[in-house]
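I opened this entry to look up how two domains of one protein meet, and which contacts run between them.

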Amino acid sequence: MDATTEGSGQEAQVRDLLREARDFADRVIAPRAEGWDRENAFDTDTLREAAALGWFGLQVPRDRGGMGLPFSAKSQLVEILAGADFGFALSLVNTMNIGYKLARDAPHLAERYLPDLLSGRRLASTALTEPGAGTDFGAIVTTATRDGESWVLDGGKAWIINAAASDVILAYAQTEPGSRGAGIAAFLIDGQRAGFLRRAPFALSGQHSIGVGGFELQGYRAAADEMVQAPGQAFRYALNDINGARTYVAAMCCGMVEAALKIASAYGRRRETFGRRLVEHQGWRWALGDADVDLAAARALVRAAEARVDAGAEARHEAARAKIFATRMAERHLPALGQLMGAEGLSARYPFGRHMLGAKISGLVDGSSEILLEGLAMRFAKEAG
Ligand SMILES: Cc1cc2nc3c(=O)[nH]c(=O)nc-3n(C[C@H](O)[C@H](O)[C@H](O)COP(=O)(O)OP(=O)(O)OC[C@H]3O[C@@H](n4cnc5c(N)ncnc54)[C@H](O)[C@@H]3O)c2cc1C
């Protein structure tokens, strides 16, 4: 097969994948999402239904049982799913990430964990944040101490997606207290082993489908080959991989606004006031046009960032711009589009309230808006100096 045939084969595969995602979002996620919030549920059964479609192996090479698709396919998949439920999409992508990283960086661990991760039998997390350190990642205090051939880990992680049930966790720990990024290493933690203590899931004001929680490591013993990234390397890898995460979170904001736009415009075509359909009032419909403009601009930034991640190019600024802009776009337009629905916009059967919380979460995860803005702005200070 030549490169062109292979390329068009992959495009067709991505088109089919995204069609399947739209169907899953409409048929499976949307009808269940309201119940997840009402019942504070983290629905691992629905995650396993998604696993049955092969999605957990989306970026995993074919010879390891995955689909071998590029990053952009993952980003566009979760964009569609977030239109139905942001938390579900974020939960799903966090398990997808670990399978891919193990296949890429630690083939011996991939052999051990991939079958369970691809089938959804086990869920996964990436754990940087601690009760005392969020934006300031270099300040983490979970320690990893060398003991003969193995490492002993002690400390606590908080605000971790999927931690309500995950037990294959890439966790960051300090090997040389006081050295900040230079001493941070990444370990594969097996939550079925002694020394791992799961905390009760965090009670959020919504979006329970994200399964956010925390855990403690108390004398947890990791073998030498369970260090996935060495001290120093881990910090750099985390900052590089996070560009992909920033890009797909931005895509998810686009997915939520697109869904809200569709719901509000359909409502405006049905509902009448003052003898006309809502959509026939100019003052009503301009909010749709306004959202459409910003959504197209956010999408353009997201597609540009995806292209750089796919190409393996430096994507720091592109990902930061996309995430800041798409988050603000969602924070502005989701309430405005909900307003178009009047009181109905507040009904739990529509996703406006859940999506608004999703937009707030987007402004915090994988680099808060303030820290991303600072990263973009700092270089002007340096250039001026
Ligand atoms: C739903 C949810 C899921 C999450 N999932 C994960 C996960 O899976 N894995 C993981 O490791 N973490 C996760 N996080 C944690 C997330 O990455 C942190 O919340 C984020 O890094 C912010 O850290 P913090 O909450 O400790 O805020 P802090 O660091 O305490 O900061 C508080 C506020 O001050 C701002 N701020 C801090 N420093 C500065 C500065 N220098 N200049 C200007 N403003 C500043 C921050 O932007 C923030 O708005 C999750 C968080 C949430 C809410």
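Before listing any pair, I noted the rule I was working with: a salt bridge is a side-chain nitrogen of Lys or Arg within 4 Å of a carboxyl oxygen of Asp or Glu. The model is predicted, and I kept that in mind throughout.

I then looked up Asp-241 and Lys-101, whose closest N and O atoms are 3.9 Å apart, and the pair is therefore a salt bridge under the limit of 4 Å. Across the interface of domain 1 and domain 3, I found 5 salt bridges by this rule, together with 11 residue pairs in polar contact, both residues being at pLDDT 80 or more.

Next I asked which helices supply the side of domain 1 that touches domain 3. I found that H1 (3-38), H3 (71-84) and H4 (86-105) each give at least two residues to this side, and that H3 gives the largest share, with 10 residues. Sorting this side of domain 1 by class, I noted 10 nonpolar, 6 polar and 8 charged residues.

For the wider frame, I went back to the domain assignment, which gives domain 1 as 3-122, domain 2 as 126-231 and domain 3 as 234-384. The C-alpha centres of domain 1 and domain 3 lie 21 Å apart, and their contact takes 24 residues from domain 1 and 26 residues from domain 3.

Last, I looked up the buried area between domain 1 and domain 3, which is about 1,900 Å², with 61% of it given by carbon and sulfur atoms. Of the area that domain 1 buries against domain 3, I noted that Phe-71, Glu-79 and Phe-86 supply 37%, more than any other three residues.

Notes: Residues are numbered from 1 along each chain as its sequence is written. This is a predicted model: local features need pLDDT of at least 70, side-chain atom pairs count only at pLDDT 80 or more; totals for chains, interfaces and linings use all residues. Side-chain values use heavy atoms; hydrogens and water are left out. Domain bounds come from an automatic or database domain assignment. Contact means heavy atoms within 4.5 Å. Buried area is the accessible area (1.4 Å probe) that two parts lose on being put together, summed over both. A polar contact is a pair of N or O atoms within 3.5 Å; within protein, one must be able to donate a hydrogen and the other to accept it, and residues adjacent in sequence count only if both atoms are side-chain atoms. Helices (H or I, at least four residues) and strands (E, at least two) are DSSP runs, numbered from the N terminus. Ala, Val, Leu, Ile, Met, Phe, Trp, Tyr, Cys and Pro count as nonpolar, Asp, Glu, Lys and Arg as charged, and the others, Gly among them, as polar.
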